[in-house]
Amino acid sequence: MPTGCLSAIPVLACIAAAGAVDGFTNASSVISADAMQNENPSPRRTTFRLPTLAVAITIAIIVRMEVSKNAEAIAPDGTIHLSMARELAGLSPMDAMRSYQYHPGYPAVLGAVAELTGAKWPDGWIAVARGVSIVMSLIALAALYYVALKIFNRSAALITVVLFGIAREFTSVSCDCLSDAQAIACALLTVAFSLYARENLSSRNTRAILAAAAAGLAAGLGYLTRPEILLCGAIAIIVLLCPKREAPRDRKIRFAAVAALVIVLLACVLPYAIHVGGLTQKKSIGDIVRMGAAAPLAAASLPADALNSMIRAWDRGRAALSTGMSILACVWFATFVGRFVLRINLPPSVLVMPTRPGWFILFVPVTVMVILMTTMGLRLGSHYASSRHMLMPAALGAPAAGAGLLILVEWTLLLADKLRLRRLPALATACWLAMFAVLMGARALPVLHEGKAFYRRAGETIARQLGPGRLVLAYDGRIPFFASSPAEQFHAASKVTYQIYRRNVQSPKDLLNLVDGAEKPYDVVAIDTRLIAEYNCDDLVEKLKKHDRFRLMTILHSTAGYARRNKVWLFRIIPPARSATSRPVDRL
């Protein structure tokens, strides 16, 4: 594991803690239960300090530079984003939107930047894709600071940014060729603009309408990146409609702000939705919209299946937020439950409560997404949902982790009082923050996609031996991508898709049915250990070796990480007319 950046994290975390505790006292950093109805009980809590935020962003930049430098491969979905970006930058962008299930927001930005910079394909485009993700993640952290600032206080906001900036899942997608970082940035900007608009609702101030329109634009761009970000538009409307003391004449401004948000949002959503014939082309979302819970309700084992699916959804959320931040969020939630549900008499200083719109921001996204993930788990199986699906609610719920660390600090100070020790809030905050930063940073820094570089080598081997443009069948899309296979292999409804399914690999005959039934002849089939394990076809490789329609080209091994036992066998597919005179198996 790289140690240079890791050793810098606790030092920078302590510096950030010093900024976080500037003015940190029991009165200014926590909110008692009586203050829950007050929108801004302490003006000092909402001071926006750029220097302390810069320290937190610096930590995130250092981590991302280290992870990007040591990444061995790109994510499988990254191959689709890159292929789509290249087509969007070409002569038929409208056709490209219909050809892919993925939304065009991230590929469009990637393609535009790659064209402007003159990046070379594919390595230059991969570098641009990583750069776009990193920049978007930093924008997301800046927006997260503002959101946490308005939900809790400056100390909680800075702690949240430091920890979420090095959370493993968010760090991984921020250094990869994936749309998640851009989607999270749009989600947080949507909520941040809506909070700003709510603060400025006044008949004498038109900034509220402009900020609401900006929130609608951010939500619309987020929808064009990932469909679930549309939920943030609803959250922004809830924030604007959340009750607040105001003059009767100011209500018109409130509804005007909501109207501006909705109009701008629809202006972003409708053109794409009309063009593709629905809100999204992704099958999973369409299934849920069409069937709801009808099919799961028909299952005899619904209670047990639903419970297991819900547990998996919560676990995906825990992974998205990171274990460390999940622990801190549970500390905050347990404190709230203990005081207001169980009626435990806790010291008022440990009650770090959010403002009124903060409750909706913290709980509505995670509730909706857990329900959606539970239903999708019942309909599509547990293999579909991943922690990436829960990143948006995790990001919006991250401020609870910052509040949780403040609660631990406050308990530490109360213990110091009991032991008649000097109160050192800066030292207590620095110690707690540095401890969690080191633990989380150690998990964020391992090599991205360790042991997966052999997929690229497999694709490059095909291109080198047979030439680019070959049609490839594979379990992992990185093989045909680096083999320079035609872009149509990555289309959603492609008739020459690269994907191999379970029904295609039960025997060589099944595989030949796929090959011979295609509109164009396939040239290579790649069988790797992940495919064998997933589809339970242990004897497939030996059967293909003995078949006269398949010729072994080479075997590639993974040499690093937990995947070092992985292999990929590349088989040349022999056309039927030549199979009788084919040469013996070649081993390279």
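**Group meeting: helices, salt bridges and a strand pair**

Good morning. I begin with Leu266, which lies in helix α13, residues 251–276. Before going further, I should state that the model is predicted.

Leu266 is partly exposed, at a relative accessible area of 41%. Together with Leu270 and Ile274, Leu266 makes up a nonpolar patch on the surface. The accessible area of these three residues together is about 290 Å².

Let me now place that patch in the context of the whole protein. The protein has 588 residues, and 55% of them count as buried. Its secondary structure comprises 26 helices and four strands. About 25000 Å² is exposed by the protein, with carbon and sulfur atoms supplying 62% of that area. As for contacts, consider those with a separation of 6 or more: 77% of them are between residues 24 or more positions apart.

I turn next to charged pairs. How many salt bridges does the structure hold? The number is 21, and I shall discuss three individual pairs and one network.

The first pair is Arg318 and Asp315, whose closest N and O atoms are 2.9 Å apart. Both residues belong to helix α16, residues 302–321, and their spacing of three residues corresponds to about one turn of the helix. In terms of exposure, Arg318 is partly exposed at 33% relative accessible area, and Asp315 is likewise partly exposed at 34%.

The second pair is Arg423 with Glu410, where the closest N and O atoms of the salt bridge are 3.8 Å apart. Glu410 sits in helix α20, whereas Arg423 is in the loop between α20 and α21, so this salt bridge ties together parts that are 13 residues apart in sequence. Is each partner buried or partly exposed? Arg423 is partly exposed, with a relative accessible area of 30%. Glu410, in contrast, is buried, its relative accessible area being 0%.

The third pair consists of Asp523 and Arg470, whose side chains meet in a salt bridge at 3.3 Å, N to O. This pair links distant parts of the chain, 53 residues apart. Asp523 is found in the loop between α24 (508–516) and β2 (524–528), while Arg470 is found in the loop between α22 (453–466) and β1 (472–473). Asp523 counts as buried because its relative accessible area is 13%, under the cut-off of 20%. Arg470, at 25%, is partly exposed.

Beyond these pairs there is a network of salt bridges. Which residues does it link? They are Asp77, Asp180, Arg226, Glu228 and Arg388.

Since Glu410 belongs to α20, a few words on that helix are in order. At 1.5 Å a residue, the 20 residues of α20 should span 28 Å. The C-alpha atoms at its ends are 29 Å apart, which agrees with the expected value. Helix α20 is mostly covered, with 14 of its 20 residues buried. Arg420 follows the helix and has a positive phi, near 60°.

I would also like to draw attention to two buried residues. Ser322 is located in the loop between α16 and α17 (323–340). Its relative accessible area is 7%, so Ser322 counts as buried. Leaving aside residues up to four places away in sequence, Ser322 touches Ala167, Arg168 and Met440.

The other is Ala236, in helix α12, residues 230–241. Ala236 has 0% relative accessibility and counts as buried. Again leaving aside residues up to four places away in sequence, Ala236 touches Thr190, Ser194 and Leu261. Where does Leu195 stand relative to Ala236? The two are 41 residues apart in sequence, and their C-alpha atoms are 7.8 Å apart in space.

Finally, I come to the strands. Strand β3, residues 550–557, is mostly covered: six of its eight residues are buried. Strands β3 and β4 (residues 567–573) run antiparallel and are joined by seven bridges. Within this pairing, Leu556 stands opposite Val568 in β4. As a general point, side chains in a regular strand alternate between the two faces of the sheet.

To close, I return to the charged pairs in this predicted model. Arg318 and Asp315 share helix α16, whereas Asp523 and Arg470 link distant parts of the chain. Thank you for your attention.

Note on methods:
Residues numbered from 1 in each chain as written. Predicted model: local features only at pLDDT ≥ 70, side-chain atom pairs only at ≥ 80, totals over all residues. Heavy atoms only, no water. Buried < 20%, exposed > 50% of the residue type's maximum accessible area, 1.4 Å probe, protein only. Pairing = 2+ DSSP bridges. Patch = residues over 30% accessible without salt bridge, like charges linked within 9 Å, V, L, I, M, F, W, Y side chains within 5 Å. Areas by Shrake-Rupley, 256 points an atom, 1.4 Å probe, with all protein chains shown as cover. Salt bridge = Lys/Arg side-chain N within 4 Å of Asp/Glu carboxyl O. Contact = heavy atoms within 4.5 Å. Expected span 1.5 Å × (residues − 1).
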